[in-house]
Amino acid sequence: MLTYPNAKINLGLNVVEKRPDGYHNIETIFYPIGLSDVLQVEVSETCTDYSFSSSGIQIDGDPEDNLIVKAYHLLRSGYQFPPIDISLIKQIPFGAGLGGGSSDAAFMLETLNEMFQLKITPGRLEKIAAKLGADCPVFIKNKPVFATGIGNVFTPIKLSLKGYFLLLVKPDIHVSTPVAYSMIDPQKPEVSLSELILKPISEWKNVVKNDFEKSVFAKYPEIENIKNTLYNMGAIYASMSGSGSSVYGIFESAPPKTEVFQDYFVTGGELD
């Protein structure tokens with residue numbers, strides 16, 4: 001079975017408060033985009049458990065640490081199905097604030113559920129996905145949501161960017177999420193992001209903010225330069241996604257071709 005685990009972007013991100021458990025409560029909007037990995041799962045004729053192979057962007061480390069394999073083990077612990085061969089073409093960059101690993105894990109759960117007719121409801125799948133990571137469950141229903149808590153409490157929103165164009169740029173910079181959080185002074189916004197996002201996109205520039213940008217831009221001016229360049233190219237809204245390092249611009253029409261980002265990972269296209 002072949003699936004295409006897609007990335008997401010954050011439309012705004014407010015770090016609201018630090019919790020007693022050391023995590024942070026946030027509010028953000030997760031919006032699915034077309035950039036995707038390619039995940040194939042087949043019943044194995046050779047192994048007794050699972051096999052895992054990958055191509056595309058190099059994945060370092062033990063396969064047992066990969067969220068796809070963790071998703072497999074998590075489901076296998078409660079359900080019976082035959083050994084499988086897993087192959088992944090990795091196209092979503094790591095450390096980009098795009099949720100690639102979380103999406104891979106969620107799609108793995110959905111694939112196994114469908115392949116072997118496990119009859120797990122979407123609600124139950126979301127609860128299982130939450131054990132793998134805070135933003136994994138968002139990829140089960142894979143629709144725009146307003147997220148609160150540690151990014152794991154979802155409220156559906158009526159938001160469509162269909163017809164707009166996305167240009168996403170990822171420099172060769174890794175931003176540590178724990179370090180990014182450590183540089184932020186949490187505060188509750190005067191107006192919730194769930195209200196601000198209802199304004200026309202042309203007004204987002206001045207009101208829909210990502211709290212990570214101030215500290216990340218100070219440490220990595222190159223990322224801020226990308227955002228400024230996107231605005232200079234005509235974007236009606238531009239922002240860093242998550243804690244970075246990717247930055248995206250939203251355009252009313254296809255953005256002009258440019259070589260200014262030729263040293264970076266670049267993708268884009270019309271939004272759904």
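**Exercise 1. Find which residues Ile250 is in contact with, leaving aside its neighbours within four places in sequence.**

Solution. Open the structure, which is a predicted model, and centre the view on Ile250.
- Step 1: Look for partners early in the numbering; Leu11 is one of the contacts of Ile250.
- Step 2: Move along the chain, where Ile250 also touches Leu161, Tyr164, Phe165, Leu166 and Trp204.
- Step 3: Finish with Ala235, Ile236 and Tyr237, which are in contact with Ile250 as well.

**Exercise 2. Which residues touch the most other members of the largest nonpolar core?**

Solution.
- Step 1: Start from Ile250, which is among these residues, together with Ile9, Leu11, Trp204, Phe212 and Leu230. The core has 51 residues.
- Step 2: Ask where the members come from. At least three residues are drawn from each of domain 1 (2-156) and domain 2 (165-270).
- Step 3: Now look for a separate core. Another one, of 32 residues, lies apart, and Phe81, Ile84, Leu112 and Leu125 are among its members.

**Exercise 3. Trace the open sheet with the order 10-11-9-12 and say which strands stand at its edges.**

Solution.
- Step 1: Follow the 4 strands; their pairing is antiparallel.
- Step 2: Check the ends. Strand 10 (237-240) and strand 12 (265-270) each have a single partner strand, so one side of each has no neighbour in the sheet.
- Step 3: Compare directions. Ignoring direction, neighbouring strands are turned by 15 degrees against each other on average.
- Step 4: Zoom in on one pair. Strand 10 and strand 11 (residues 247-251) share 4 bridges, and Ala238 has Gly249 as its bridge partner in strand 11.
- Step 5: Add the helix. Helix 9 (residues 221-232) lies across strands 9, 10 and 11, at about 5 degrees to strand 11.

**Exercise 4. Repeat the analysis for the open sheet with the order 1-4-6-5.**

Solution.
- Step 1: This sheet also has 4 strands, but here the pairing is mixed.
- Step 2: Strand 1 (2-3) and strand 5 (50-56) are the edges; each has a single partner strand, so one side of each lacks a neighbour in the sheet.
- Step 3: Strand 4 (residues 38-43) and strand 6 (residues 84-90) pair in the antiparallel sense over 6 bridges, with Leu88 as the bridge partner of Leu39.
- Step 4: Helix 1 (residues 67-76) packs on the sheet and touches strands 4, 5 and 6.

**Exercise 5. Is Ser202 buried or exposed?**

Solution.
- Step 1: Locate Ser202 in the loop between helix 6 (193-196) and helix 7 (204-207).
- Step 2: Its relative accessibility is 57%, and exposed means over 50%, so Ser202 counts as exposed.

Definitions and conventions: Residues numbered from 1 in each chain as written. Predicted model: local features only at pLDDT ≥ 70, side-chain atom pairs only at ≥ 80, totals over all residues. Heavy atoms only, no water. Pairing = 2+ DSSP bridges. Helix = DSSP H or I, 4+ residues; strand = E, 2+ residues; numbered from the N terminus. Axes fitted to C-alpha atoms, helices over the stretch in contact; angles between N-to-C directions. Contact = heavy atoms within 4.5 Å. Core = buried A, V, L, I, M, F, W, Y, C linked by side-chain atoms within 4.5 Å. Buried < 20%, exposed > 50% of the residue type's maximum accessible area, 1.4 Å probe, protein only. Domains from an automatic or database assignment.
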